[in-house]
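This report walks through a few features of one protein chain, moving from charged pairs to helix packing and then to selected single residues. Please keep the sequence and the structure in view while reading.

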Amino acid sequence: PSGVNSQLDSTIDVLRHAPGVKLVALFGPEHGVYGDAWAGDKVDSNTDPRTGLTVHSLYGKTHKPTAEMLKGLDVLVYDLQDTGCRSYTFISTMGVAMEACAENGVEFVVLDRPNPLGGERIEGRLVEKEQYRSFVSKWDVPYVYGLTCGELARMINGEGWIKKKCKLTVIPLKGWKRSMVWRDTGLPWVPTSPHVPNDESALFQVATGMIGEIGGASTGIGYPLPFQCVAAPGVDKHKLAETLNAYRLPGVKFVPVSYKPYYFSFSNQPIAGVQIYFTDPRRAPLTAINFYAMEALKKVAGRDLFDEAVRANKKFDMFDKVNGTDATRQALQAGKSAAEIVASWCETEQAFRAKRRAYLLY
């Protein structure tokens, strides 16, 4: 659904009616062609009842287009709005589709789109061990990588992260600057998936998504504030807000909040905590918020989310895969502070910032 032009016309319809173009099939990533499948749900291939076109699912039996799916195609066009976060699977789909096109002699065209987090922000570690490489950590980029999808496609091709280089064409953006977050573009935001409903959702997804992988606290999913909160039963919301604001993290403010989630964890239970507001989205250290929030919960409410998860025999496979490493988990187990965990990313971030230069378009 995020594949639209500036007038909110679907790319499907734009291509169907474009002179000299024959649109013959649709390819659906996670959440499906129309964005109506929940995160992680497998999607079957089918026929689109609206257009009559074949829909090949790339989030079901296969994540990579098969030779049969690509048979007879001249070009596979990628037009998905991602969130600028490595764990969002659209960029994994992009790379494996590039590889499939290379293997089958099909050109791959990226209709480039703005990175909603901006093009300057780089945060987190690389994928450091192959055992933690997955569809939520496919490429050797930090958790927040500061590239448009077109720039990332160039890097995937150029760095040899796929078996064979594809014939790649990137249709560049006009007027986009690296300093822009989504609200600066003036473009409408179409929800890219069910829990990314508005133009700031990508910021919040990064800020609390890792907490969601540990559990023990609500991040606002199951309530109209997905990824925008950190709350739990029995928390003094005012003390939690004071503690988090005392860290003086730039560009962000924490405000007391109480609510009852409609579903998921703590369904219909009254919980309290903080709602996150970005006062300057460009400066806010998004990934760091996860760890400062966990630290503040421990200080204020005696809630060690990580230790609670360990005692509950919770598996940390997905947490490690999202982080691309077990180093973050080991740091939490060793009782490292949020500041120490965030500082440990610095060398990786600087090295990647230099490495990506060759692939920048803007």
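Does Lys-298 count as buried, partly exposed or exposed, and at what relative accessibility? In this predicted model, Lys-298 counts as partly exposed, because its relative accessibility is 47% and the partly exposed class runs between 20% and 50%.

## Salt bridges

Side chains of opposite charge can pair when their charged atoms come close. The structure holds 20 salt bridges, and one of these joins the side chain of Lys-298 to that of Asp-304, with a distance of 3.3 Å from N to O. Asp-304 is partly exposed, since its relative accessible area is 24%.

Another salt bridge brings together the side chains of Arg-50 and Asp-13, at 3.2 Å from N to O. Because Arg-50 lies in the loop between β2 (46-47) and β3 whereas Asp-13 belongs to helix α1 (residues 11-16), this pair ties together parts that are 37 residues apart in sequence. Arg-50 is partly exposed, with a relative accessible area of 44%, and Asp-13 is also assigned to the partly exposed class, with a value of 21%. Salt bridges with shared partners join Asp-13 and Arg-50, together with Arg-16, into one network.

The side chains of Lys-129 and Asp-326 meet in a further salt bridge, again described by an N to O distance, here 3.2 Å. Lys-129 is placed in the loop between β5 (107-111) and α4 (149-158), and Asp-326 in the loop between α10 (317-323) and α11 (327-333), so the pair ties together parts that are 197 residues apart in sequence. As for accessibility, Lys-129 is partly exposed at 35%, whereas Asp-326 is buried, with a relative accessible area of 8%.

## Packing against helix α8

Helix α8 (residues 286-301) packs with helix α7 (residues 237-246) at an angle of about 130 degrees, and the axes of the two helices are 9 Å apart. That angle makes α7 oblique to α8, because angles that are neither under 35 degrees, nor over 145, nor from 65 to 115 count as oblique. The crossing of α7 and α8 is right-handed.

Helix α6 (residues 201-214) also packs with α8, at an angle of about 40 degrees and with the axes 7 Å apart. α6 and α8 are therefore oblique to each other, and α6 passes α8 in a right-handed crossing.

## Buried positions

Ala-97 lies in helix α3 (residues 90-104) and is buried, with a relative accessible area of 4%. Its C-alpha atom is separated by 9.0 Å from that of Leu-58, a residue 39 positions away along the chain.

Tyr-59 lies in the loop between β3 (54-57) and α2 (67-70). With a relative accessible area of 9%, Tyr-59 is buried, and 7.7 Å separates its C-alpha atom from that of Gly-32, with the two residues 27 apart along the chain.

## A nonpolar surface patch

Which residues form a nonpolar patch on the surface, and what accessible area do they have together? Trp-38, Tyr-262, Tyr-263 and Phe-264 form this patch, with about 450 Å² of accessible area together. Phe-264 is located in the loop between β8 (252-259) and β9 (271-278), and counts as partly exposed because its relative accessibility is 47%.

Terms used. Residues are numbered from 1 along each chain as its sequence is written. This is a predicted model: local features need pLDDT of at least 70, side-chain atom pairs count only at pLDDT 80 or more; totals for chains, interfaces and linings use all residues. Side-chain values use heavy atoms; hydrogens and water are left out. Patches are made of residues with over 30% relative accessible area and no salt bridge: like charges are joined within 9 Å, nonpolar side chains (Val, Leu, Ile, Met, Phe, Trp, Tyr) within 5 Å. Accessible areas come from the Shrake-Rupley method with a 1.4 Å probe; for residues, only the protein chains shown count as cover. A salt bridge is a side-chain nitrogen of Lys or Arg within 4 Å of a carboxyl oxygen of Asp or Glu. Helices (H or I, at least four residues) and strands (E, at least two) are DSSP runs, numbered from the N terminus. Buried means under 20% relative accessible area, exposed over 50%, partly exposed in between (1.4 Å probe, protein chains only). Axes are lines fitted to C-alpha atoms, for helices over the stretch in contact, and angles run from 0 to 180 degrees between N-to-C directions. A crossing is left-handed if the near helix is turned anticlockwise from the far one by less than a right angle, and right-handed if clockwise.
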